[in-house]
Amino acid sequence: MEKHGVDESGVAESGVTEKRDATNGPETLKERQAPLKARYREDPQAAVVTLTAEGELDGNGVACRVRTATALAEAGLHPATGGDGTQLCSGDMLLEALVACAGVTLRAVATSLGLSVAGSVHAEGDLDFRGTLGVDKQAPVGFRDIRLTFDLDTTASTEEIATLVKLTERYCVVLQTLVSSPTTSVAVRGTEAA
């Protein structure tokens, strides 16, 4: 699960480590985050947390089993690349992670701003499967465009909604990761075949 951080104004950043419900008000969230903010100001290195994910390659079929906090998810090929549609698609999982992070971040920001917000979050992305199948070397591998949309039910003013969305964009870990493209490395560990 993701972890929440806090900016100077007390607005929560993306990811929550415990379940929260709509009854948690801004004071409760600020009170929970206050000791974290103090610690991170005193010791910036304490704010750096390494999140991990692992998958199992069992040798049966074209799949990877990923353990989540609550279940084992099996990812496989999308039907547009030869999959049969019975396994999760990693591209869908990426969009689901974006929706989850943006939704949690929006709720945390709304709580900090004292806004009552309900509704839904949607993400969609365009893929050209010629790239990943090697049909056209000029076709990109990966999403060309990703669109994130909030359908909100709120009594907040237009200005308050603009602030809510601006801060959600700023503090959503998954969105900012996609936008800023961090340095990524690939390595192989283990024994080599003889």
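**Reading a predicted model: sheet, core, cysteines and surface**

Guide: In this predicted model, 4 strands form an open sheet in the order β1-β2-β3-β4, with mixed pairing.

Visitor: Why are β1 and β4 said to stand at the edges?

Guide: β1 (55-56) and β4 (88-89) each have a single partner strand, so one side of each is left without a neighbour in the sheet.

Visitor: How do you know that β1 and β2 count as a pair?

Guide: Pairing requires at least two bridges between the strands, and 2 bridges join β1 to β2 (residues 63-67), so the requirement is met. These two strands run antiparallel, and the bridge partner of G55 in β2 is V66.

Visitor: What makes G91 buried, while L94 is called partly exposed?

Guide: Both residues lie in helix α2, which spans residues 90-113. Buried means under 20% relative accessible area; G91 has 15% and therefore counts as buried. L94, with 32%, lies between that limit and the 50% above which a residue is called exposed, so L94 is partly exposed. As for the surroundings of G91, its C-alpha atom is separated by 9.9 Å from that of E124, a residue 33 positions apart from G91 along the chain.

Visitor: What makes L94 eligible for a nonpolar surface patch?

Guide: A patch residue needs over 30% relative accessible area, and the 32% of L94 satisfies that part of the criterion. The patch made by L94, I146 and L178 covers about 200 Å².

Visitor: Which residues touch the most other members of the largest nonpolar core?

Guide: Of the 16 residues in this core, they are L98, L106, A110, L115, V117, L164 and C172. The elements giving two or more residues to the core are α2, α4 (158-171) and α5 (173-180), and the largest share, 6 residues, comes from α2.

Visitor: How do you know that C172 meets the burial condition for that core?

Guide: The core is built from buried residues, and C172 has a relative accessible area of 0%, which is under the 20% limit, so C172 is buried. C64, by contrast, is partly exposed, because its 23% lies above that limit and below 50%.

Visitor: Why is C172 in no disulfide?

Guide: The nearest cysteine sulfur, that of C101, is 3.4 Å away, whereas a disulfide needs two cysteine sulfur atoms within 2.5 Å, so C172 is not assigned to one. A search of the whole structure likewise finds 0 disulfides.

Definitions and conventions
Residues are numbered from 1 along each chain as its sequence is written. This is a predicted model: local features need pLDDT of at least 70, side-chain atom pairs count only at pLDDT 80 or more; totals for chains, interfaces and linings use all residues. Side-chain values use heavy atoms; hydrogens and water are left out. Patches are made of residues with over 30% relative accessible area and no salt bridge: like charges are joined within 9 Å, nonpolar side chains (Val, Leu, Ile, Met, Phe, Trp, Tyr) within 5 Å. Accessible areas come from the Shrake-Rupley method with a 1.4 Å probe; for residues, only the protein chains shown count as cover. A salt bridge is a side-chain nitrogen of Lys or Arg within 4 Å of a carboxyl oxygen of Asp or Glu. Buried means under 20% relative accessible area, exposed over 50%, partly exposed in between (1.4 Å probe, protein chains only). A nonpolar core is a set of buried Ala, Val, Leu, Ile, Met, Phe, Trp, Tyr and Cys residues joined through side-chain atoms within 4.5 Å.
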